[in-house]
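Visitor: Hi! Could you walk me through this one? I'd like to start with the contacts and then wander a bit.

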Amino acid sequence: MSRSRSTICIDATYGIPVILPNEMGRPPSVLEPIGVEHIPVFRDNEARGPLLVQILIYDGGDKSKVAPRDRHWAIAWMVGEMTAVSWFVDGCPVAAHRILELKNELASDGTGPLPYLTNWGPRTTSIGLEDQAAVHVDIATLSYSQRQVMEGIARTEPVRPPNGNWNCQNWVASILRRCEEAGVLTPDQRRYALNQTGVPWRNLL
């Protein structure tokens, strides 16, 4: 899919055509983030056996100020850590996870965040303090082939125009629904995970 292609969507609230740069909201003026997929230990661990897949719920460090419906959601699974001392940060090994999420990128002209979210596709990134502090909700332990199906679904899950209702939580819920339809998750696994988020998830679909 060309990065310069735009998709015209209809805002569900106002019925107004909204133009997003391609179906994934990838702005042509913003460089795609670089992950650590190329590091052998992370790449090799990713392809090795079943791993626990979780919903990560970020609250910005203050649950009292961020309403449950406004918290950032992602899907992730840990793919390993660098145990060589040369990779240690503050005495701890650098760990990485495979993550499926939407990002709110900054405009290249310095005017602030773009008015839509971006799906860059699955990435492997180092696990930071925010990731560690996030609430981790277990979804299921999935095989490599099952995770590949989940990645393919996330890679093609479009970004909808912002309308004050749709956000990353709807995106995650849609991926889990499509994973159930694909036989990657059972209905009980999907419902159990969403029930643990603290959000009335049926309103997300």
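Guide: Happy to. Let's begin with Arg 147, which touches Glu 46, Gly 49, Pro 50, Leu 51, Val 53, Trp 77 and Leu 142, leaving out residues up to four places away in sequence. Contact here means heavy atoms within 4.5 Å.

Visitor: Is Arg 147 buried or exposed?

Guide: Arg 147 is buried, at 0% relative accessibility. The cut-offs are under 20% relative accessible area for buried, over 50% for exposed, and partly exposed in between, with a 1.4 Å probe and protein chains only.

Visitor: Before I go on, what kind of model is this?

Guide: This is a predicted model, where local features need pLDDT of at least 70, side-chain atom pairs count only at pLDDT 80 or more, and totals for chains, interfaces and linings use all residues. Residues are numbered from 1 along each chain as its sequence is written, and side-chain values use heavy atoms, with hydrogens and water left out.

Visitor: Good to know. What does the pLDDT average for the protein?

Guide: The average is 81, and 77% of the residues score at least 70. pLDDT is the predictor's confidence in each residue, from 0 to 100.

Visitor: Which elements have the lowest and highest mean pLDDT?

Guide: Strand E1 (residues 6–10) is lowest with a mean of 36, and helix H5 (residues 187–195) is highest with 98. Over residues 1–19 the pLDDT is below 50, and that stretch has 41 contacts in the model beyond near neighbours in sequence. Residues 84–89 are also below 50, with eight contacts beyond near neighbours.

Visitor: How many helices and strands are there?

Guide: Five helices and nine strands. Helices (H or I, at least four residues) and strands (E, at least two) are DSSP runs, numbered from the N terminus. Along the sequence the pattern reads β-β-α-β-β-β-β-β-β-α-β-α-α-α.

Visitor: And how much of the protein is buried?

Guide: Of its 205 residues, 45% count as buried. As for contacts between residues at least 6 apart in sequence, 65% join residues at least 24 apart.

Visitor: Back to Arg 147. Where does Arg 147 lie?

Guide: In helix H3, residues 144–156. The 13 residues of H3 should span 18 Å at 1.5 Å a residue, and the end C-alpha atoms are 19 Å apart, which agrees. The expected span is 1.5 Å times one less than the number of residues.

Visitor: Which residues of H3 are buried?

Guide: Arg 147, Met 150, Glu 151, Ile 153 and Ala 154. They cover an arc of only 160° around the axis, so they sit on the same side of H3. That arc is taken from the directions from the helix axis to the C-beta atoms.

Visitor: What about H5, which residues are buried there?

Guide: In H5, the buried residues are Arg 190, Ala 193 and Leu 194. Their arc is only 95° around the axis, which puts them on the same side of H5. Asp 188 and Tyr 192 are exposed on the other side of H5.

Visitor: What does Gln 189 touch?

Guide: Gln 189 lies in H5 and touches Ile 139, Ala 140 and Val 184, not counting residues up to four places away in sequence. The C-alpha atoms of Gln 189 and Ala 140 are separated by 6.6 Å, though the two are 49 residues apart along the chain. Gln 189 is partly exposed, at 28% relative accessibility.

Visitor: Switching to strands: how many residues of E5 are buried?

Guide: Seven of its seven, over residues 94–100. Val 94, Ala 96, Arg 98 and Leu 100 point one way, while Ala 95, His 97 and Ile 99 point the other way.

Visitor: How many bridges join E5 to E8?

Guide: Four, and E5 and E8 (residues 123–126) run antiparallel. Strands pair if DSSP finds at least two bridges between them. The bridge partner of Ala 96 in E8 is Ser 126.

Visitor: Last one: how many disulfides does the structure hold?

Guide: Zero, where a disulfide is a pair of cysteine sulfur atoms within 2.5 Å. Cys 168 is buried with a relative accessible area of 7%, and Cys 179 is buried at 0% relative accessibility.
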